[in-house]
Each structure stands twice: as structure tokens, then as C-alpha cells.
Amino acid sequence: MLSRVAEEIPRGEGWFYEPKWDGFRALVFRDEDDIKIASRDTRDLVRYFPELIPLLEGCLPPSCVVDGEIVIAGSEGLDFGALLMRIHPAASRVAKLAEEIPASFVVFDLLALGSDDLRTTPFEERRRKLEANFTVQTPSKEPGSQVFLTPQTADPDEATIWFKGFEDLGLDGIVAKRADLHYVAGERVMLKIKHLRTADCVVGGYRLSKGGDGVGSLLLGLYDEDGTLHYIGHTSSFKAKERRELLEELKPLEGGSSFGSGRTPGGPSRWSGGKETEWVSLEPVLVCEVSYDHLQGDRFRHAARLLRWRQDKPPQECTFEQLSLPPQR
């Protein structure tokens, strides 16, 4: 079950609110001693997070399906970068990382209990059954793996406090669910209210759309303290007409230096899945303001959203300083 973005926390009767965790979404299937952990794309995650199995055995009822999130907590809050490191092909490396940077699992929904399929049961009742059948762990004083129920409140004022107070811990925001909500796989029936930040970026290039008749994405960059432009991410939120118009507007700027001496948009990788990665370099004279949710190191983790063009902003003023990051070297 998925969520769609909302601008603010909804209010009124029948809403429940939970923190939005920043990790890997996963389903856990338990049948006595057989436990499977599956990602949204059905990838087996047990091999990457073996330390979770004995913990799940101690917390979950003997036969169930639960929905949740795999997270890693660092010294400064949730660490998505450390989580990505855990997806490694070598079993020896996985075992080493499981000891060094152990993962935890946050449970937030119950889809099946015993032989009962609960997906058409209202969310409020599913939560009650989850609380009644979940064995709470004694919190460890030492850092390490844990399995725990996500906090929940029906008070929008408390949810607002969470939204503001949990940001420094690396949480995404707030998820809002209706009390009578059924579990509908693949549909965006929950609401997510996320922390968004903005940045002024230089347009250093573009990729063509699939049809080749417009701009698929704009490639964004920021300057370091030495005046070198580095690729930081992309934005692709354009309608068909806008894609064609943008392509015509960018033609005179093609062939510019852009990311020539800095970090450039990457080539094919295990994450690109063999997709086309060619791009067109532009003269770095255009500036746009974008909104983004998270940084992965010193890059946007997800696609940024174009807010407006900044004709009033000199490209050289678009630096890493606005992200509260050390200058890129």
C-alpha cells in the first residue's frame, strides 16, 4: 500500500498519524520457523539483513504477515547511506556489515494473522490486533538491532510536534491513515507529509525524453569554493508541451563546458538497470529553484521538483553552502 503527497497534516475525526521512516519498505512473512523478508519489488532481503531473523522470531506471532521498514540508526539519527551499503553481493561482506552497522525493523501494519487475511479489515482494528499480538522488546542500552512498533497518535497537534521534532533524527515526516482504511496493495491511499527543502541550482545539461522530441530531465549543478561546477541531481517534472518547448530554448546553449572539470552525471551502473544515460552539455547560465527531500551525501537522493526559474540569480552564487554542507572537493 502506497501514499501520496499532501501539503499539510489533515485534521478531523478518523485520522491516525505515524512518523514516516527513512529506510527500505519491506513485508515480513512468518510461518513458524520460516521467515521471509521481501522488498517492494519482491527482492529477498533476508540475505542482506540476517540479524533481523532472530529478533522477528521473538516479536511476531507464529503465523502472520506484517508491513514495515528496515532502518539503520547512526549517531546522528537514521542513516540511509549505511543502509545502502548493506546491499552487497558478497556474503562475507554482508556478515561483517551486519555486526558493524546492524539494522532494525519498524512494524506499522498487520496484513494477516494465522489463517485470517486482514487486508479488508479497517486499519484501526488491524492496529489493535497488531498491538495485541506483538511482543515488545526490552530496549537495549547498547546500539544494535531492534524490532519495534511505530508510534501512533490520533492527535494532529502531537503529530505536528513529531513532524518538527523528529526531523533532526532523519525521519521523513508524517504518514496519515484513515481509521477505516483497507489495505489496498499498489494504490496511494495513505497521505505523506514530507520535509521539503529548496536550493538554487545551475542547469548544466539535459537528457532527452524517451521519444526524443523533448527534454526528459534537466541536470543540476552547484559550485564548490574553487568555482568548479559539480552535478548534484536532476529534475524531470515537465508536461509534454513543456518538454518540447524546453528543448527549443536550450538548443542555443548546447556544447557548453558545464560539468567538464567537476563531477558529471554518472554512466551506466547497477542502479541504472541498463537505461540510457547519455546527456547533452549546456553553457551553465540558467538557474532554477528546486525542492528536494533528502541528500545522499552531497547529491539529491530523488528527483528534485522544479519550482521556478531564477533570472535574478547569478549562476556563481549557486553553491554547496546553501545546503549546509562542506564544499565539494
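This is a short dialogue on reading helix packing, a sheet and cysteines in a predicted model.

User: What should I know about the model before I start?

Analyst: It's predicted, so local features need pLDDT of at least 70 and side-chain atom pairs count only at pLDDT 80 or more, while totals for chains, interfaces and linings use all residues. Residues are numbered from 1 along each chain as its sequence is written, and side-chain values use heavy atoms, with hydrogens and water left out.

User: Which residues of helix α4 are buried?

Analyst: First the general idea: an α-helix has 3.6 residues a turn, so residues three or four places apart point the same way. Buried means under 20% relative accessible area, exposed over 50%, partly exposed in between (1.4 Å probe, protein chains only). Helices (H or I, at least four residues) and strands (E, at least two) are DSSP runs, numbered from the N terminus. In α4 (residues 123–133), the buried ones are Phe123, Arg126, Arg127 and Leu130. Looking down the α4 axis, they fall within an arc of 100 degrees (directions from the axis to the C-beta atoms), so they line one face of the helix.

User: What do the buried residues of α4 pack against?

Analyst: Contact means heavy atoms within 4.5 Å. The partners are β2 (15–20), β5 (63–71), β8 (104–113), β10 (147–149) and β11 (173–178).

User: How is the sheet with β2 and β11 ordered?

Analyst: Two strands pair if DSSP finds at least two bridges between them. Here, an open sheet of 4 strands runs β1-β12-β11-β2, with mixed pairing. Its edges are β1 (2–5) and β2, each pairing on one side only. β2 and β11 are antiparallel over 6 bridges, and Tyr17 has Ala176 in β11 as its bridge partner. α4 packs on this sheet, touching β2 and β11, at about 60 degrees to β2. Helix α5 (residues 156–165) lies across β2, β11 and β12 (188–194), at about 10 degrees to β2. Those angles run from 0 to 180 degrees between N-to-C directions, with axes fitted to C-alpha atoms, for helices over the stretch in contact.

User: How many disulfides does a search of the whole structure find?

Analyst: A disulfide is a covalent bond between the sulfur atoms of two cysteines. With a cut-off of 2.5 Å between the sulfurs, the search finds 0. The sulfur of Cys64 is 11 Å from the closest cysteine sulfur, in Cys59, too far for a bond. For Cys288, the nearest cysteine sulfur is that of Cys201, 6.0 Å away.

User: Is Cys288 buried or exposed?

Analyst: Buried, at 0% relative accessibility. Cys288 is also touched by Arg310, itself buried at 13%.
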